[in-house]
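Take a look at the model below. This report walks through one helix, then the cores, then the contact between chains.

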Amino acid sequence: MAPVIAVAGFRKTYGSTVAVDDVSFEVRDGEIFGLIGPNGAGKTTTMECVEGLRRPDRGSIAVLGLDPFRDVYKLQHRIGVQLQQAQLQKRIKVVEAVHFWASLYGKPATDGDRLLDQLGLAEKRNAWFMTLSGGQKQRLFIALALVNDPQLVFLDELTTGLDPQARRAIWDLIRGIRARGKTVFLTTHLMEEAERLCDRVAIIEHGRIIDMDTPERLVARHCPERTVVLTTTDVGVEEALRALPGVERVERQDNRFTIQGRGDDFVGALIHGVSAHAIPVQDFRTVHPTLEDVFLRLTGHSFRD
Amino acid sequence: MLRGLLGLTWLEIKIFMREPLGAIGSFLVPVLVYVVLGRLTGNRLPPGAAASSEMMRVTLPVFGAVVIVINAVLSLITIIAIYREGGILKRLRATPLRPATILTAHVLVKLVFTAITLLLMVLVGRRYYPADLHLPVVNVTLALLIATCSILSMGFVVASMVRTTRFAQPAGALLFYPMFGLCGLFVPLNALPPRLHMLARFIPLTYAVSLLKGMMRGDPWSAHVTDIAALALVFAICIALSARVFRWE
């Protein structure tokens with residue numbers, strides 16, 4: 001099946017600043033694809049060019065087989081868009097917004113009502129936009145992005161500024177969008193969000209994609225080391241642990257050992273060795289590297305800097 | 001996208017009416033000022049004198065109309081700036097709405113409010129106007145529409161270029177208020193020194209005032225071809241200019 005989005009050799013400059021350079025990626029049908037990177041890396045620029053809101057300087061972009069800039073009005077009927085930092089009129093009512101949006105796409109107002117129910121906004125129907133909480137505003141923007149029943153949904157920094165609980169609720173909603181057979185293209189600067197939500201991610205920094213794959217494979221590729229934290233009553237086992245196959249490093253803090261090795265079979269081999277040496281185990285915990293570690297490894301600096 | 005245009009216009013009218021100062025500012029204050037002015041001046045003049053006075057019959061109504069139109073333009077500039085800064089314009093643009101539709105809706109909202117305000121003033125003003133006054137309503141309305149479109153288009157150029165809401169209102173005021181002094185409303189153009197007279201010829205408001213005054217007096221359209229041509233030219237230039245320089249974000 002042809003990719004839903006195909007971007008090749010895309011470049012965008014603002015004056016003398018190169019925002020995005022030589023970016024290529026594909027988004028496949030039915031997946032949640034994340035463009036991840038720190039603020040200012042070029043995520044929004046890329047997304048807005050794919051949406052047809054900006055014109056790329058170079059390269060080709062195809063969305064659902066259309067040129068997003070030239071065929072923007074045709075495309076807008078088939079995509080749903082949530083923009084970063086967009087607002088609505090302060091005193092527009094929730095229900096007015098969804099009904100108006102529905103009318104723009106020639107959909108019945110009841111489609112909007114149904115979405116308000118599904119997104120838990122039914123009680124807020126008659127509330128003004130300015131009175132909504134951050135999470136409610138974002139749910140309204142999701143409703144507006146879905147009101148035309150699009151094949152492809154764009155979500156730009158959807159959960160920025162939300163508390164963890166509201167964020168989790170939004171994640172469930174996004175999985176729900178995928179469950180309905182739609183494709184989701186999102187950006188986030190939250191590595192945890194990307195890891196929990198995305199089928200595939202592209203890591204972008206300084207306007208260039210530095211790697212792209214499923215979160216698991218990115219971690220396996222760039223951070224193959226495995227870490228086990230073992231707590232034991234017998235503090236004299238350090239040498240025995242060090243001698244186990246695959247173990248590269250052991251650190252002790254009181255009766256807690258941090259053991260590092262690499263490879264998929266490392267944890268299994270360790271369990272086997274611990275059991276063979278009859279080491280008394282109070283606690284045994286494996287620590288997984290995350291996308292955050294991948295980013296650190298790839299760029300040499302931490303994500304939040 | 002006529003449906004989108006009407007839908008957005010109606011939505012914006014409702015939203016504007018919810019502003020704390022929306023209704024009061026656009027209807028109540030102008031009408032109140034007008035009533036107070038009418039009481040102060042109208043009651044002092046004998047009916048016959050009022051009817052024959054150019055000041056009462058032509059200048060004041062035209063002045064009132066121009067003030068309302070300019071206030072509408074200033075408010076339009078501010079709203080566009082607020083919508084731009086808040087990302088609302090951008091969000092609307094990412095829908096099947098055409099940019100022209102979004103902007104036309106805002107102009108329509110202002111036209112509706114201007115029309116309502118003027119209508120209220122005419123209704124209220126009947127108490128102060130002599131009964132024998134024959135106002136060519138259709139002609140005056142048409143002239144007002146032409147003048148308003150032209151002035152609004154100038155406002156759009158300002159709205160296209162101001163970057164922040166804070167500067168929107170002052171920038172608009174800076175453009176429009178000086179025009180007042182030179183537009184021939186209170187001081188006849190011929191009485192101006194030659195240089196200012198020349199300058200007045202380049203002020204679009206001069207033609208708007210001339211057209212409005214003429215229609216109030218009952219002139220035929222043929223006497224104001226220059227005014228209409230000038231206003232149309234201003235409109236065409238300003239719309240073309242703002243189409244080029246308009247910022248959505």
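## A buried helix

In this predicted model, helix H5 of chain A has these buried residues: Gln138(A), Arg139(A), Leu140(A), Phe141(A), Ile142(A), Ala143(A), Leu144(A), Ala145(A) and Leu146(A). The helix covers residues 134–146, which makes 13 residues. From its first C-alpha to its last, H5(A) reaches 19 Å. That is close to the 18 Å expected at 1.5 Å a residue.

What covers the buried residues of H5(A)? The elements below, all of chain A, are included in the cover.

| Element of chain A | Residues |
|---|---|
| Strand S5 | 79–82 |
| Helix H3 | 94–104 |
| Helix H4 | 109–118 |
| Strand S6 | 152–156 |
| Helix H6 | 164–179 |

## The nonpolar cores

The largest nonpolar core holds 135 residues. Ala143(A), one of the buried residues of H5(A), is among the members that touch the most others. Val98(A), Val73(B), Ile77(B), Ala147(B), Ala208(B) and Leu212(B) share that rank. Helix H4 of chain B, residues 54–85, gives the most to this core, with 15 residues.

Leaving aside neighbours within four places in sequence, Ala147(B) is in contact with Val69(B), Ala208(B), Leu211(B), Leu212(B) and Leu231(B). A second, separate core has 10 residues, including Val228(A), Ile259(A), Phe266(A) and Val274(A).

## Where the chains touch

The contact takes 20 residues from chain A and 16 residues from chain B. On the chain B side, helix H1 (2–18) and helix H5 (88–93) each supply at least two residues. H1(B) gives the largest share, six residues. By type, the chain B side divides into six nonpolar, five polar and five charged residues.

How values were computed: Residues are numbered from 1 along each chain as its sequence is written. Chains are lettered from A and ligands numbered from 1 in the order in which they are written. This is a predicted model: local features need pLDDT of at least 70, side-chain atom pairs count only at pLDDT 80 or more; totals for chains, interfaces and linings use all residues. Two residues are in contact if their C-beta atoms, placed from the backbone, lie within 7 Å. Helices (H or I, at least four residues) and strands (E, at least two) are DSSP runs, numbered from the N terminus. Ala, Val, Leu, Ile, Met, Phe, Trp, Tyr, Cys and Pro count as nonpolar, Asp, Glu, Lys and Arg as charged, and the others, Gly among them, as polar. A nonpolar core is a set of buried Ala, Val, Leu, Ile, Met, Phe, Trp, Tyr and Cys residues joined through C-beta atoms within 7 Å. A residue is buried if 20 or more other C-beta atoms lie within 10 Å of its own, exposed if 12 or fewer, and partly exposed in between; C-beta atoms are placed from the backbone. The expected span of a helix is 1.5 Å times one less than its number of residues.
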